[in-house]
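Okay, thanks for coming, everyone. Let me put the model up and then talk through its salt bridges and its core.

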Amino acid sequence: MYFEAVIKRNDKEKAKEVTERFIVVNAELFSEVEKALLEEFNNECVVNAIKQSKLKEIVNSRVNEDDEIFYATLESYYMSESGEEKASKSEVAVFATNMTDAKTKLDAYMKQGLDDMAIVKIAKTKFLDLIEI
């Protein structure tokens, strides 16, 4: 299960309080997410918000430090039992250096599926990184 978390902490380099966003992976409970965040930052942060993410999958992993996290809404088309074409939407995340790179990686990801899929939307996020439990 994926969670989205917002923390505040003092950045010693910038000499001010900063707000940071993370995706937390492999947690089942909100308390596990909070504990992982506090451990990650040696109890030197305040967890402001945690919510369950709509993410279905994270498409790839970070290859280099310049990669940012993009969210994409994909639409999958299938035939219902009555013979009608139906669509279902899902959210995925992808690490990429820019929007073009994100689209290229999503196109490669969609070719692996059995369903007809289309990209509905790609958006750059403010998430800094993944935290795995």
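First, some vocabulary: buried means under 20% relative accessible area, exposed over 50%, and partly exposed in between, with a 1.4 Å probe and protein chains only. This is a predicted model, so local features need pLDDT of at least 70 and side-chain atom pairs count only at pLDDT 80 or more, while totals for chains, interfaces and linings use all residues. Residues are numbered from 1 along each chain as its sequence is written, and side-chain values use heavy atoms, with hydrogens and water left out.

Salt bridges, then: a side-chain nitrogen of Lys or Arg within 4 Å of a carboxyl oxygen of Asp or Glu. That rule gives 7 of them.

One is Lys103 with Asp107, closest N and O atoms 2.9 Å apart. Both sit in helix 2 (residues 99-111), 4 residues apart, about one turn of the helix; helices here are DSSP runs of H or I, at least four residues, strands are E runs of at least two, and numbering goes from the N terminus. Asp107 is partly exposed at 25%, and Lys103 is partly exposed at 41%.

Another is Glu4 to Lys51, at 3.7 Å, N to O. Glu4 is in strand 1 and Lys51 in strand 3 (residues 46-52), so this pair ties together parts 47 residues apart in sequence. Glu4 is buried, at 13%, whereas Lys51 is partly exposed, at 49%.

Last, the largest nonpolar core (buried Ala, Val, Leu, Ile, Met, Phe, Trp, Tyr and Cys joined through side-chain atoms within 4.5 Å) has 12 residues, including Phe3, Val24 and Ile131. Strand 1 gives the most to this core, 3 residues.
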